[in-house]
Amino acid sequence: MADPNLYLKGGVIPERDNEHYIIRLRTPAGMLGVEALAGIAKIAQKYGIEDTHLTTRQTIELLHVGPEILDDLLADLEKNGTPIGAERNEVVNVTACLGNANCKYSVIDTLSLARKLDERHFGKEMPVKVRIAISGCPNGCTSERLNEIGITGLRRPVRNEGLCTGCGTCGYYCREHAIQIENGKLRLNQGDCMLCGFCIHACPFQYINFEDPLYLITLGGRRGRHPKIGRTFYIARSEDDVVEIVGKIIYWIFRSIASDKMLPEQLTDEEFAEFREKVMKSLKPLGIDGVDPTNAYCMQN
């Protein structure tokens with residue numbers, strides 16, 4: 001019989017029959033080496049587990065696990081480097097797209113950031129479930145703004161007007177129609193710009209550069225039956241600043257959020273402003289300098 005404490009872990013989820021369990025694994029950003037992946041398959045075969053499930057939050061679940069094998073199964077998974085995950089009122093698996101190491105549209109190193117946040121916060125007991133998702137650009141492949149904490153990579157285009165020929169290629173590729181050509185000159189509507197940087201790739205003469213990446217942090221998003229986009233919380237200038245800011249957000253969620261409702265349900269406009277003020281005060285000693293939200297993507301809620 002398994003240790004009773006195992007059933008208190010969020011990665012052990014009762015199935016419908018109340019006699020078997022789903023075992024959710026910890027896989028930050030959904031990244032697994034081929035050896036670890038092969039190890040999961042061998043472990044599943046060892047214990048007669050026939051099916052696995054790839055979740056929407058980039059984890060792997062082993063299905064229909066009996067309590068009699070739970071101790072040994074979890075020990076083998078730990079040795080394989082794929083330990084049990086989280087599901088309850090905890091900081092659960094950090095999700096991320098592939099980032100700028102693989103995706104041509106991505107602005108930031110999402111995997112590095114995901115690993116840092118996972119190491120600091122995964123599995124922390126909280127009054128509510130806290131999901132963190134990271135997207136390398138405003139395409140939002142991870143639906144990051146529909147999570148309690150979302151992080152989006154942004155980049156502001158910088159155009160060399162002295163060399164720009166006014167060909168209009170960048171405007172053609174701009175999905176937001178934020179770029180207009182007037183009298184042979186390019187005009188950018190900052191209010192419509194999503195800071196995605198797609199126009200940078202589109203310029204055939206490479207006359208468009210970009211500033212250092214920015215990190216939009218949103219708070220209070222949710223999926224489920226009543227989806228809600230997270231509010232703009234902060235725009236940071238560096239990965240290290242994001243790590244510090246998210247740490248303060250998690251600290252204040254633990255300190256000041258009630259346990260009877262999910263986080264988005266507790267953050268009215270007034271409550272969001274009060275919560276943000278607490279976090280901002282705690283950031284002052286760190287000397288973190290952010291960016292004002294001035295474009296369409298950052299201001300949409």
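This passage describes a sheet, a pair of packed helices and several cysteines in a predicted model.

The sheet is open and consists of four strands in the order E1-E2-E4-E3, with antiparallel pairing. Its edges are formed by strand E1, spanning 12-14, and strand E3, spanning 52-54, each of which pairs on one side only. On average, and with direction ignored, neighbouring strands of this sheet are turned by 25° against each other. The pairing of E1 with strand E2, which covers residues 21-24, is antiparallel and extends over three bridges; within this pairing, Val12 has Ile23 of E2 as its bridge partner.

Two packed helices are described by the angle between their axes and the distance between the axes. For helix H3 (residues 110-121) and helix H6 (residues 239-256), the axes come within 10 Å and cross at roughly 35°, and the crossing of H3 past H6 is right-handed. On the side of H3, the contact is made by Ser112, Leu113, Lys116, Leu117, Arg120 and His121, while H6 contributes Glu239, Asp240, Val242, Val243, Glu244, Val246, Gly247 and Ile250. By character, the residues of the contact between H3 and H6 divide into six nonpolar, three polar and five charged.

With respect to the cysteines, the structure holds zero disulfides. In the case of Cys103, the closest cysteine sulfur belongs to Cys137 and lies 6.1 Å from that of Cys103, which is too far for a bond because a disulfide requires sulfur atoms within 2.5 Å. Cys203 is likewise in no disulfide, the nearest cysteine sulfur being that of Cys167, 6.3 Å away. As to solvent accessibility, Cys103 has a relative accessibility of 33% and therefore counts as partly exposed, whereas Cys203, at 12% relative accessibility, counts as buried because its value falls under 20%.

A further cysteine, Cys164, is placed in the loop between strand E8 (157-159) and helix H4 (169-173). Its relative accessible area is 31%, so Cys164 is partly exposed. When neighbours within four places in sequence are left aside, Cys164 is in contact with Leu186 and Tyr207. Between Cys164 and Pro213, which are 49 residues apart along the chain, the C-alpha atoms are separated by 23 Å.

Key: Residues are numbered from 1 along each chain as its sequence is written. This is a predicted model: local features need pLDDT of at least 70, side-chain atom pairs count only at pLDDT 80 or more; totals for chains, interfaces and linings use all residues. Side-chain values use heavy atoms; hydrogens and water are left out. Two strands pair if DSSP finds at least two bridges between them. Helices (H or I, at least four residues) and strands (E, at least two) are DSSP runs, numbered from the N terminus. Axes are lines fitted to C-alpha atoms, for helices over the stretch in contact, and angles run from 0 to 180 degrees between N-to-C directions. A crossing is left-handed if the near helix is turned anticlockwise from the far one by less than a right angle, and right-handed if clockwise. Contact means heavy atoms within 4.5 Å. Ala, Val, Leu, Ile, Met, Phe, Trp, Tyr, Cys and Pro count as nonpolar, Asp, Glu, Lys and Arg as charged, and the others, Gly among them, as polar. Buried means under 20% relative accessible area, exposed over 50%, partly exposed in between (1.4 Å probe, protein chains only).
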